[in-house]
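Biologist: I'm new to this one. Can you walk me through it?

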Amino acid sequence: MSLSAKEKVIVKDFFAKVSSRSDEIGAEALARLIVVYPQTKSYFAHWKDLSPNGAPVRKHGITVMGGVYEAVSKIDDLAGGLLNLSELHAFVLRVDPVNFKILSHCIMVVLSMLFAEEFTPQIHVAVDKFLALVALALSEKYR
Amino acid sequence: MVEWTDEERAAISNIFSKLDYDEIGQKSLSRCLIVYPWTQRYFGGFGNLYNAEAIMNNPMIAKHGTTVLHGLDRALKNMDDIKNTYAELSVLHSEKLHVDPDNFKLLSDCLTIVIAGKMGNAFTPEYQASFQKFLSVVVSALGRQYH
């Protein structure tokens, strides 16, 4: 599975359009991840405050969204472009890859909530593919 | 048996009470066929599914979306025994329709995203959790009679 040239344009244009609210998207997506999928809290046991609206969760959501935007800028070579992040996830964080899928779902729920008109089925499929490919690039170094 | 808190029951009841079945049914099913095109395999007799526009304007798909969404009413009315409530529909999907049960999850994800789009901020994380729990119980019940 790969992105067509047209899909890359769709993804870049859409993320550019919503970039002014990217912090909000990231914070909300991560908050939802830990509320809807409580098992994901196991990765954040070292935080004192695991409340969905607390500062650590929201700050980290912003960080993660920053990673998504980095991936958008490296859309032509995700595996190469995300090498550092891949090594981080493989050797340091060791996040089970199943969680990439559920975070992608949470991101798309938030995109749909905040941008209902714009998040059409055509854009949804391109973004879904893109996030799946980002997840794949992040798991490059796992084994 | 699945345990439901009062908050979960209230959230689910609230979401369904505001639902326009025709609108949400059509949007969810057509989104599923567009985002996961392999699901089109079950709709060979449904006319033009050639591209996204055709799917979104297809009246047979719209009608079927409504039917599928009303299928959730059974669970809504029998939340304490969803498993047995869907025994008959599970047999139907397995023996007659031959739908791969993985597809139920794909449709539920699309339904969640459409409802999120419709409700906006009212679709709180807690609502999302309750709704997804409800859908996963239905999905599990629908897959139970497969053998």
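Modeller: Here is a quick tour of the chain contact and some salt bridges. This is a predicted model, where local features need pLDDT of at least 70, side-chain atom pairs count only at pLDDT 80 or more, and totals for chains, interfaces and linings use all residues. Residues are numbered from 1 along each chain as its sequence is written, chains are lettered from A in the order in which they are written, and side-chain values use heavy atoms, without hydrogens and water.

Biologist: How many residues does the contact take from chain A and chain B?

Modeller: Chain A gives 20 and chain B gives 22. Contact here means heavy atoms within 4.5 Å.

Biologist: How many salt bridges between chain A and chain B?

Modeller: Zero. A salt bridge needs a side-chain nitrogen of Lys or Arg within 4 Å of a carboxyl oxygen of Asp or Glu.

Biologist: And over all chains, what does the salt bridge count come to?

Modeller: The count is 11. One of them pairs A:Glu70 with A:Lys74, with the closest N and O atoms 3.0 Å apart. A:Glu70 is partly exposed at 31% relative accessible area. Partly exposed sits between buried (under 20%) and exposed (over 50%), using a 1.4 Å probe and protein chains only.

Biologist: What about B:Asp109, buried or exposed?

Modeller: B:Asp109 is buried, at 14% relative accessibility. Its side chain meets B:Lys105 in a salt bridge (3.2 Å, N to O).

Biologist: Which residues do shared salt bridge partners join into one network?

Modeller: A:Glu28, A:Arg32 and A:Arg58.
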